[in-house]
Amino acid sequence: MSFNDIFKSSFLESVSEFSILDTVIGLAVALVIGLFIFIIYKKTLTGVMYSSGFALTLVGLSLVTTLVIMAVTSNVVLSLGMVGALSIVRFRTAIKEPVEIVFLFWSLAVGIVIGAGMIPLAVIGSAIIGVILLLFANRKIRNSPYILVLSCASDAAEIAVLEALAQNSAQYIVKSKTVTAAGTELTAELRTKDASVAFVSSIAQLPGVQSATLVSYNGEYLS
């Protein structure tokens, strides 16, 4: 087979099926929806800081998936080769928050749907998903969970601390108690009444209380 025979094969015929207009429209819509996913991710973030790398990944994932699906849907042979190539890809990046999996699958789904030519489905579906996530993320939380670590020099100080917790918290439970020669260390899980943590200062000033540390609790520190 000569060099000319290669270019006389069906390779050029498959390239001729490529539509620049469809590709530009598909990638433009994927970019817009990817930016929408990026905005929803920032709005629904529960913490103070967000990962800019992960947010950029959401936009890029929508574009790349759209491009791959466009190529796969235009050629059956290419689709089989693409499945084999993607099957050897391994992702090692750890997911910090479970909700990040939702955004990853959302970006993938948008790319697949747009690449298949179902742009209205991608737009309508993304709008509905975005509204639902915003509604659940912005709902009011009446009280926040915390972990309070206290060092008490005497039993009297421990009793005073527990009384203060009963008065200033909506609910509390002692998770652990460590008694040493220097005193007692208490670890309590509690929920505030009005999202105010000013009562910790008053507890720290009680006679016999050596230190008081309040930590935001998300269920991962203690079981």
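**Helix α7 and its setting in the predicted chain**

Helix α7, which comprises the 19 residues 119–137, should span 27 Å at 1.5 Å a residue, and its end C-alpha atoms are in agreement with this because they lie 27 Å apart; the expected span is taken as 1.5 Å times one less than the number of residues. The structure is a predicted model, in which local features need pLDDT of at least 70 and side-chain atom pairs count only at pLDDT 80 or more, while totals for chains, interfaces and linings use all residues. Residues are numbered from 1 along each chain as its sequence is written, and side-chain values use heavy atoms, with hydrogens and water left out.

Ala-122, Ser-126 and Gly-130 are the buried residues of α7, where buried means under 20% relative accessible area, exposed means over 50%, and partly exposed lies in between (1.4 Å probe, protein chains only). These residues lie on the same side of α7, because they cover an arc of only 60° around the axis, the arc being that of the directions from the helix axis to the C-beta atoms. An α-helix has 3.6 residues a turn, so residues three or four places apart point the same way. On the other side of α7, the exposed residues are Pro-120, Ile-124, Leu-135 and Phe-136.

The buried residues of α7 pack against two helices, α3 (20–43) and α6 (99–115), with contact defined as heavy atoms within 4.5 Å. The axes of α3 and α7 come within 10 Å and cross at roughly 5°, and α3 is therefore roughly parallel to α7. From α3 the contact involves Ile-25, Val-29, Ile-33, Phe-36, Ile-40 and Lys-43, and from α7 it involves Ile-119, Ala-122, Val-123, Ser-126, Ala-127, Gly-130, Leu-133 and Leu-134. Here axes are lines fitted to C-alpha atoms, for helices over the stretch in contact, and angles run from 0 to 180 degrees between N-to-C directions; angles under 35 degrees count as roughly parallel, over 145 as roughly antiparallel, 65 to 115 as roughly perpendicular and the rest as oblique.

In the protein chain as a whole there are 9 helices and 4 strands, identified as DSSP runs (H or I, at least four residues, for helices; E, at least two, for strands) and numbered from the N terminus. Of the 223 residues in the protein chain, 25% are buried. Among contacts between residues at least 6 apart in sequence, 71% join residues at least 24 apart.
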